[in-house]
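Trainee: I should like to request a close look at a single part of this model. Please take one strand and its pairing partners, and then place the account beside other features of the chain.

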Amino acid sequence: MASVVEVGLVDPLDWTTSGIMPPWPEDHSDPDRRPPLFRRAFSLPSAPVKARLYVTAHGLYEMELNGSRVGAEALAPGWSVYSDRLQHATYDVTEMLVEGDNAIGSWMGDGWWRGRYGFHGGTLNIYGTDIALLAQLEVKCADGSKIVIGTDKHWKASPSPILRSSLYVGEEFDNDAMPGPWSSAEFDDMGWAPVKIAQFLTGTIVPQEGPPVRCTEELVPVSTERRDDGSILVDFGQNFAGRLHLRAPSGVGRELEVRHAEVLQDGELYVRTLRDAISIDRYLGSEGSIDWEPRFTIHGFRYAEISGYTGDLSDLSILGRVYHSDMRRTGWLTTSNESLNRLHENVVWSMKSNFVSIPTDCPQRDERLGWTGDIQVFAPTASYLFDVDGFLSGWLKDVALEQNRFGTVPWYVPVIPGAPQWTPIVPGAVWGDVAVLTPWTLFERYGDSGVLRQQYQSARDWVDQVARLAGPSRLWDTGRQLGDWLDPAAPADQPAMALTDPYLVATAYFAWSSRRLSLIAETLGKLDDARYYRSLADEVREAFLTRWSTGDGRLVNPTQTGYALAIVFDLVRDEAARRAGAELAALVTERGNRIGVGFAGVNLISDALTMTGHHEEAFALLLEEQTPSWLSMVAKGATTIWERWDSLLDDGTVNPGQMTSFNHYALGSVADWMHRTIGGIAPTEAGYRSVRVAPIPAGGLTGARADFDSPYGRITSDWKVDDTTFHLDVVVPVGCSGVVDLPDGSSREVEHGSHHFTASLIGSSTQREAS
Ligand code: BGC
């Protein structure tokens with residue numbers, strides 16, 4: 001099995017080859033064009049001592065060498081702003097080659113390049129009409145010779161056994177059309193056609209920056225039921241992004257169909273919410289055993305329905321294969337409360353499902369787009385759970401490219417033709433602020449100022465643009481805003497109709513991005529800029545207070561989101577902050593601890609409460625089980641985070657809204673607060689060079705443990721309470737130091753090592769027992 005050389009480290013070089021495409025004519029208005037297989041036989045004069053394969057494609061590819069798959073990537077080369085940044089992979093394939101006869105080949109699929117993608121039926125051929133492969137195999141042989149096999153006119157093409165493939169619609173595979181061992185040297189390709197040469201803009205090709213998409217886990221169904229009509233209903237017990245792998249003996253059906261859905265309604269798959277992403281895979285085959293999984297599609301689902309299978313159920317092996325960008329897991333949290341643990345698990349699953357080459361909104365319906373607002377609020381959570389440094393800093397390059405092209409930060413990146421409401425692209429707060437806030441998050445969590453340098457122009461362009469739009473009033477109170485998107489008070493079909501004034505949201509974000517930008521400038525040593533953006537932030541703050549505050553910390557538009565923004569974005573201070581905190585706490589209590597925020601407040605409200613000392617209200621909000629709340633999703637059986645607080649209504653039916661997904665991470669962004677407040681681990685210097693360990697034992701929790709693999713090593717905070725005493729174990733890695741805040745109000749400085757603390761929960765004495 002070939003191993004993948006570290007991503008980002010190896011560039012070929014020089015692409016000395018052209019690309020290849022199928023030679024036959026195609027109808028480019030047909031969404032079901034049949035993709036090609038490509039292959040080429042070649043010979044090596046002696047044993048290979050080093051061989052590397054560099055590959056990219058217009059469309060998607062899966063390479064084979066001498067009959068075996070190269071690497072384990074799926075959906076390669078992933079999605080990016082292809083016109084400017086087409087990523088290539090690098091494989092070490094030394095072990096896969098032999099002296100003498102060899103063969104290389106590739107499966108191909110439409111993918112994002114030319115498959116139908118986007119809203120309302122989507123657009124075909126977004127990046128081009130032809131799928132094409134660019135590969136360069138560089139081999140050093142034992143006799144000293146260097147052989148380069150590029151995708152040139154010596155390759156051959158044949159229509160693929162994949163009859164059609166689409167990310168949204170699904171894939172159809174005809175086993176009878178399998179040409180035999182087509183990527184092996186001995187295969188006779190006489191009947192195959194010579195390829196046509198395809199052009200690639202090699203100047204735009206870059207080494208892949210984030211980890212590739214791979215299958216990271218296999219789920220066994222928790223139930224498999226044969227129904228009266230012969231179909232098989234499969235429940236994996238977990239909503240996820242991926243696909244089925246089926247194995248069965250021969251003679252069990254000539255045509256299998258697999259449908260997918262996130263939820264059941266009345267015992268049937270509920271697919272309305274997929275909209276035009278119909279998500280049906282088909283397997284055709286008249287003989288032979290079945291060992292099949294689609295290659296170039298992906299679905300978001302928990303349930304599947306298999307029809308056409310005539311064999312014995314016990315002969316059918318069904319696996320749910322989980323696919324996402326294969327990031328390193330870095331953060332964990334468990335608590336004494338099982339519902340909170342499930343909530344946290346749901347956040348992890350929604351993150352996995354939506355980190356598929358780019359950060360997407362959802363994995364199931366006809367969107368799966370890089371919505372900038374969703375990742376802006378979720379990035380702090382993501383960067384604790386997994387190492388997302390390369391993944392997000394690569395995507396941020398695409399943000400900057402599209403921002404340049406469209407004159408503002410788009411709603412989603414990469415940009416594809418949008419529904420009328422997204423065209424032309426206009427600047428919107430929360431979403432556009434990704435340009436400033438997400439680079440800062442990456443710097444704060446990973447400590448590498450390179451991302452700040454890389455994104456500086458983009459961040460500045462965003463704030464400067466907002467400053468122009470706001471004008472001398474310093475209020476951003478014009479134009480289209482999504483505001484506190486999906487406030488639970490908004491009508492199901494008008495998610496932007498929030499209780500909080502969208503211009504309050506926009507101006508608060510303007511102030512915060514200006515302040516963050518001044519910090520970015522300071523970090524980069526651009527002191528004039530730092531001063532300028534700090535005074536801009538001060539002016540916007542003043543304007544905000546004059547327009548929306550009564551002067552004593554109360555808001556004229558008193559909402560949970562309004563107060564959360566005012567407090568966390570440093571708009572109210574001191575006595576006014578205390579008053580704002582009290583108002584917010586009262587709003588929470590008045591609503592019976594139910595949440596009243598959408599995307600603009602969901603990552604802030606818990607911090608706003610704890611920053612102003614309202615721990616009990618923060619925990620009451622977190623632990624509430626009535627809709628809308630985080631745990632109401634858990635109580636209704638959620639295994640991922642939902643797009644809406646009530647994607648499933650209290651009566652058990654699916655929310656009738658057009659936009660009802662069961663797998664969106666944005667509302668899961670509370671997990672960042674859980675990590676810092678329940679787990680208790682927060683960075684106080686970039687990259688966790690120093691940390692604050694300050695778990696808050698509230699909400700009836702009797703313990704929690706957080707583990708985080710920081711750039712310096714593992715940080716652990718593990719606490720429990722008995723009747724009167726708080727016990728805390730802290731591990732700090734070498735190179736890192738910190739402060740431990742105990743619930744009795746005392747603080748201790750710690751260096752690296754293991755430390756144990758106790759604190760009385762009644763009195764105020766703290767005792768350091770060991771170090
Ligand atoms: C997406 C979101 C996104 C929103 C913006 C939705 O359709 O799924 O998560 O941020 O549109 O309007």
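Mentor: The account below begins with strand 19 and then turns to a helix, a further sheet and the aromatic residues. The model is a predicted one.

Strand 19 comprises residues 232-248 and is mostly covered, with 15 of its 17 residues buried. Its pairing can be followed partner by partner. Strand 18 (residues 223-226) runs antiparallel to strand 19 and is joined to it by four bridges. Within this pair, Arg226 stands opposite Ile232. Five residues lie between the two strands of this hairpin, and Gly230 takes a positive phi near 95 degrees there.

Strand 25 (residues 299-307) is likewise antiparallel to strand 19, and seven bridges join the two. Here Val234 stands opposite Ala304 of strand 25. Strand 26 (residues 317-325) is joined to strand 19 by six bridges, again in the antiparallel sense. The bridge partner of Gly242 in strand 26 is Val322. Strand 24 (residues 290-292) also pairs with strand 19, over three antiparallel bridges. In that pairing, Arg247 has Asp291 of strand 24 as its bridge partner. Strands of a sheet pair through backbone hydrogen bonds, in either a parallel or an antiparallel arrangement.

A separate open sheet offers a second example of strand pairing. Four strands make up this sheet in the order 30-31-35-36, and their pairing is mixed. Strand 30 (681-683) and strand 36 (747-750) are its edge strands, each pairing on one side only. On average, neighbouring strands of the sheet are turned by 20 degrees against each other, direction ignored. Strand 30 and strand 31 (residues 690-693) run antiparallel and are joined by three bridges. One contribution to this pairing is that of Ile681, whose bridge partner in strand 31 is Val693.

Burial can also be followed along a helix. In helix 12 (residues 615-623), the residues Ala618, Phe619, Leu621 and Leu622 are buried. These residues lie on the same side of helix 12, because they cover an arc of only 155 degrees around the axis. The elements that cover them include helix 2 (338-354), helix 10 (574-590), helix 11 (605-611), helix 13 (630-635) and helix 14 (671-679).

The aromatic residues complete the account. The whole structure contains 38 aromatic pairs. One of them is the stacked pair of Tyr117 and Tyr168, at 4.4 Å centre to centre and with 20 degrees between the planes. Tyr117 lies in the loop between helix 1 (111-114) and strand 9 (132-141), and Tyr168 in the loop between strand 12 (162-166) and strand 13 (170-174), so the pair ties together parts that are 51 residues apart in sequence. Both Tyr117 and Tyr168 are buried. The pair of Tyr532 and Tyr533 is edge-to-face, because the ring centres are 4.8 Å apart and the planes stand at 75 degrees. Tyr532 counts as partly exposed, at 41% relative accessibility, whereas Tyr533 counts as buried, at 2%.

One aromatic cluster is formed by Phe119, Trp371, Trp411, Tyr412, Trp422, Trp431, Trp485 and Phe599. Charged side chains also meet aromatic rings. Arg295 lies over the face of Trp107, at 3.7 Å from the ring centre. The charged end of Lys352 sits over the ring of Trp349, 4.0 Å from its centre.

Terms used. Residues are numbered from 1 along each chain as its sequence is written. This is a predicted model: local features need pLDDT of at least 70, side-chain atom pairs count only at pLDDT 80 or more; totals for chains, interfaces and linings use all residues. Side-chain values use heavy atoms; hydrogens and water are left out. Two strands pair if DSSP finds at least two bridges between them. Axes are lines fitted to C-alpha atoms, for helices over the stretch in contact, and angles run from 0 to 180 degrees between N-to-C directions. Buried means under 20% relative accessible area, exposed over 50%, partly exposed in between (1.4 Å probe, protein chains only). The arc is that of the directions from the helix axis to the C-beta atoms. Contact means heavy atoms within 4.5 Å. Rings of Phe, Tyr and Trp (its six-membered ring) pair if their centres lie within 6.5 Å; planes under 30 degrees apart count as stacked, over 60 as edge-to-face and the rest as tilted. A charge sits over a ring if NZ of Lys or CZ of Arg is within 6 Å of the ring centre and within 35 degrees of the ring normal.
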